[in-house]
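Me: I want to go through this model and ask what stands behind each term. Please set the values against the cut-offs.

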Amino acid sequence: MAKLTIGVFSSLVGSLSLDFAVKLADAAVKKGHSVDFWVSGNATMLSKKEQRAFKDYSALQKTLQELMKTGNFQATACEACAEARGYHKEDTMEGFQRHSMDWYLASGFSADRVLHIGGD
């Protein structure tokens with residue numbers, strides 16, 4: 001199957017692009033593809049551990065954890081973006097990587113398809 005690299009450049013509040021990107025990744029993995037998932041800017045907050053789910057608010061942590069268990073999904077947060085927002089490696093959920101932008105560029109180079117989502 002194919003490798004898809006998804007880069008999410010969105011804010012968390014008032015944007016559904018992060019939700020869309022996770023749903024797209026989930027659909028791709030279920031079809032047998034592998035997905036490299038990159039978040040930067042405010043979207044890096046998706047990688048923060050101990051998120052709390054609210055009834056009427058998007059909660060993606062459980063979906064991401066299920067995707068990570070498949071072995072066909074790897075999620076990476078922009079390290080500089082996370083540090084700029086005040087959380088560190090020890091604050092990152094298990095299974096989520098942190099790297100510089102060169103990881104995303106390398107992933108895109110080796111992918112069959114690359115999607116950039118967001119850019120608020």
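Reply: Begin with pairing: two strands pair if DSSP finds at least two bridges between them. Helices (H or I, at least four residues) and strands (E, at least two) are DSSP runs, numbered from the N terminus. The model is predicted, so local features need pLDDT of at least 70 and side-chain atom pairs count only at pLDDT 80 or more, while totals for chains, interfaces and linings use all residues. Residues are numbered from 1 along each chain as its sequence is written, and side-chain values use heavy atoms, with hydrogens and water left out.

Me: What makes strand 3 and strand 4 a pair?

Reply: Strand 3 and strand 4 (residues 96-99) share four bridges in the parallel sense. The requirement is at least two, so the two strands pair. Among the bridge partners, Thr76 is matched with Gln97 of strand 4, and Cys78 with His99. From strand 3 the chain passes through helix 3 (residues 79-84) to reach strand 4, in a right-handed β-α-β crossover.

Me: How many bridges link strand 2 and strand 3?

Reply: Strand 2 (residues 34-39) is joined to strand 3 by five bridges, again in the parallel sense. Asp36 has Gln74 of strand 3 opposite it.

Me: Which elements make the right-handed β-α-β unit with strand 2?

Reply: Helix 2 (residues 61-69) and strand 3 complete that unit. Right-handed here means that, with the strands pointing away from the viewer, the path from the first strand over the helix to the second runs clockwise. In the chain as a whole there are four helices and five strands, and along the sequence they follow the pattern β-α-β-α-β-α-β-α-β.

Me: Why is strand 3 called largely enclosed?

Reply: Buried means under 20% relative accessible area, exposed over 50%, and partly exposed in between (1.4 Å probe, protein chains only). Five of the six residues of strand 3 (residues 73-78) are buried, so the rest of the structure largely encloses this strand.

Me: Which residues of strand 4 lie on its covered face, and which on its uncovered one?

Reply: Phe96 and Arg98 make up the covered face of strand 4, and Gln97 and His99 the uncovered one. In a regular strand, side chains alternate between the two faces of the sheet.

Me: How do you know that the buried residues of helix 2 share a side?

Reply: The buried residues of helix 2 are Gln61, Leu64, Leu67 and Met68. They span an arc of only 125 degrees around the axis, so they sit on the same side of helix 2. The arc is that of the directions from the helix axis to the C-beta atoms. Exposed Lys62 and Lys69 are on the face turned away from the buried side. Helix 1 (17-30), strand 3 and strand 4 are among the elements that cover the buried residues.

Me: Which residues of helix 4 are buried?

Reply: In helix 4 (101-109), Trp103, Tyr104, Ser107 and Gly108 are buried. Their arc is only 130 degrees, which puts them on the same side of helix 4. Asp102, Leu105 and Phe109 are exposed on the other side. The cover over the buried residues includes strand 1 (3-9), strand 2, strand 3, strand 4 and strand 5.

Me: Why is Ala111 called buried?

Reply: Ala111 has a relative accessible area of 17%. The limit is under 20%, so Ala111 counts as buried. Ala111 lies in the loop between helix 4 and strand 5 (113-118). Leaving aside neighbours within four places in sequence, Ala111 is in contact (heavy atoms within 4.5 Å) with Lys3 and Thr5.

Me: Is Glu50 buried or exposed, and what is its phi?

Reply: Glu50 has a relative accessible area of 69%, and the threshold is over 50%, so Glu50 is exposed. Glu50 belongs to the loop between strand 2 and helix 2. Its phi is near 60 degrees, a positive value in a residue other than glycine. Most residues other than glycine have a negative phi. Gly71, just after helix 2, also takes a positive phi, of about 85 degrees.

Me: What is the radius of gyration of the chain, and what does a compact globule give?

Reply: The protein chain has 13 Å, and a compact globule with 120 residues would be near 14 Å, so the two agree. The radius is taken over C-alpha atoms, and the globule rule is 2.2 Å times the number of residues to the power 0.38. The C-alpha trace spans about 35 × 30 × 25 Å along its principal axes. Of the 120 residues, 42% count as buried.
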